[in-house]
Amino acid sequence: MHGSQGQGDVHETVGAYALGILDDAEASAFEAHLATCDWCAQQLDELAGMEPMLAALADLPDSQGTPAIGESLSARPSPRLANRLVDEVAQRRAQKRRRGMYLVAAAAALIVGGPVTAIAVTGGEDSNNVAEPLASSPAEDAFFNHMKDKISATDPATKVSATVGMEGKAWGTHAVLELKNLKGPEKCSLVAVGKNGDRETVSSWSVPKWGYGLKDSTNEKAKKPLYVHGGAAMTPNEIDHFEVVTFDGTRLVEVNA
């Protein structure tokens, strides 16, 4: 990647890397670039929360029935879930447009000047009721603002901590994960396990070498938890528990539903 490609081409690879569609050689080359590029590292953090929706859309066939680029993804939603996600995407886009300039300003500030906290001012006579931080990613926003019921667990062996929130949808279950104390580099998935034993991959992601949610790290990016979200065709009542597993099958932590 560093030989024939220009620097701009290398930067553009971050999207393909986040979706997991690079082959082993390309992924290794990009990871070498990622170790020295703060811009790509920041973009990868932001794309981590968008991957489940991108993966779902990437798997939908085009008008000629040709499979899209998502055929190479390891974590594809079931056809039943993918069809219903189309309506969900349209609704989410409409909601985002109605949020106005607060989210636009927050996103611009995040890209140009690094992490910031945007403040939304609420109406009412009580002047103390004014500050609620806007999340920096859709997954983080869903975790803090849309998930009423959350369950946490820490694995005694791996020390990885996870909190999962769920909300029922017409198409199944929307799940959001907060993950801490996870070292990289690694590739992981969030798996919903049904009471009948069925297993569905909710989301997958790559962990950079500095990791996520490591409170004692000297790297500021590593101190932040990972937030990802995705969907399962099972309803919340059909899910027994969630597992965070590596691509080689190692279970890092289990959270009851």
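**View 1. Lys-159 in the loop between S3 and S4.** In this predicted model, Lys-159 is partly exposed, because its relative accessibility is 47%. The residue belongs to the loop that runs between S3 and S4. Its phi is near 70°, a positive value in a residue other than glycine. Most residues other than glycine have a negative phi.

**View 2. Asn-181 and Pro-185 in the loop between S5 and S6.** Asn-181 is found in the loop between S5 and S6. Its phi is positive too, near 60°, and Asn-181 is not a glycine. With a relative accessible area of 30%, Asn-181 counts as partly exposed. Pro-185 also has its place in the loop between S5 and strand S6, which spans 186-194. The peptide bond that joins Gly-184 to Pro-185 is cis, with omega at about 0°. Most peptide bonds are trans.

**View 3. The open sheet of S3, S4, S5 and S8.** Four strands make up this open sheet, in the order S3-S4-S5-S8, and their pairing is antiparallel. Strand S3 (150-154) and strand S8 (226-232) are the edge strands, each paired on one side only. From one strand to the next, the twist averages 20°. Inside the sheet, strand S4 (residues 161-169) and strand S5 (residues 172-180) are joined by nine bridges. Ala-162 stands opposite Leu-179, a residue of S5. Helix H7, residues 138-145, lies across S3, S4, S5 and S8 and runs at about 85° to S8.

**View 4. The aromatic cluster with Phe-143 and Phe-144.** Three aromatic pairs are found in a search of the whole structure. In one of them, the ring centres of Phe-143 and Phe-144 are 5.0 Å apart and the planes stand at 85°, so this pair is edge-to-face. Phe-143, Phe-144 and Tyr-227 form one aromatic cluster. Phe-143 is buried, with a relative accessibility of 4%, whereas Phe-144 is partly exposed at 46%. The charged end of Lys-150 sits over the ring of Phe-143, at 4.2 Å from the ring centre.

**View 5. The largest nonpolar core.** This core has 24 residues, and those that touch the most other members are Leu-177, Leu-179, Leu-182, Trp-205, Phe-242 and Val-244. Two or more residues come from each of S4, S5, S6, strand S7 (199-207), S8, strand S9 (239-246) and strand S10 (251-256). Not counting residues up to four places away in sequence, Leu-182 touches Val-160, Cys-188, Trp-205, Val-207, Gly-211, Tyr-212, Leu-214 and Leu-252.

**View 6. Another core, and the ring of Trp-210.** Apart from the largest nonpolar core lies another, of 13 residues, and Ala-27, Cys-37, Trp-210 and Ala-222 are among them. Over the ring of Trp-210 sits the charged end of Lys-221, 5.1 Å from the ring centre.

**View 7. Trp-39 in helix H3.** Trp-39 is a residue of helix H3, which covers residues 38-48. Trp-39 is partly exposed, because its relative accessibility is 42%. Between Trp-39 and Val-14 there are 9.8 Å in space, C-alpha to C-alpha, and the two are 25 residues apart in sequence.

Conventions:
Residues are numbered from 1 along each chain as its sequence is written. This is a predicted model: local features need pLDDT of at least 70, side-chain atom pairs count only at pLDDT 80 or more; totals for chains, interfaces and linings use all residues. Side-chain values use heavy atoms; hydrogens and water are left out. Two strands pair if DSSP finds at least two bridges between them. Axes are lines fitted to C-alpha atoms, for helices over the stretch in contact, and angles run from 0 to 180 degrees between N-to-C directions. Contact means heavy atoms within 4.5 Å. Buried means under 20% relative accessible area, exposed over 50%, partly exposed in between (1.4 Å probe, protein chains only). A nonpolar core is a set of buried Ala, Val, Leu, Ile, Met, Phe, Trp, Tyr and Cys residues joined through side-chain atoms within 4.5 Å. Rings of Phe, Tyr and Trp (its six-membered ring) pair if their centres lie within 6.5 Å; planes under 30 degrees apart count as stacked, over 60 as edge-to-face and the rest as tilted. A charge sits over a ring if NZ of Lys or CZ of Arg is within 6 Å of the ring centre and within 35 degrees of the ring normal.
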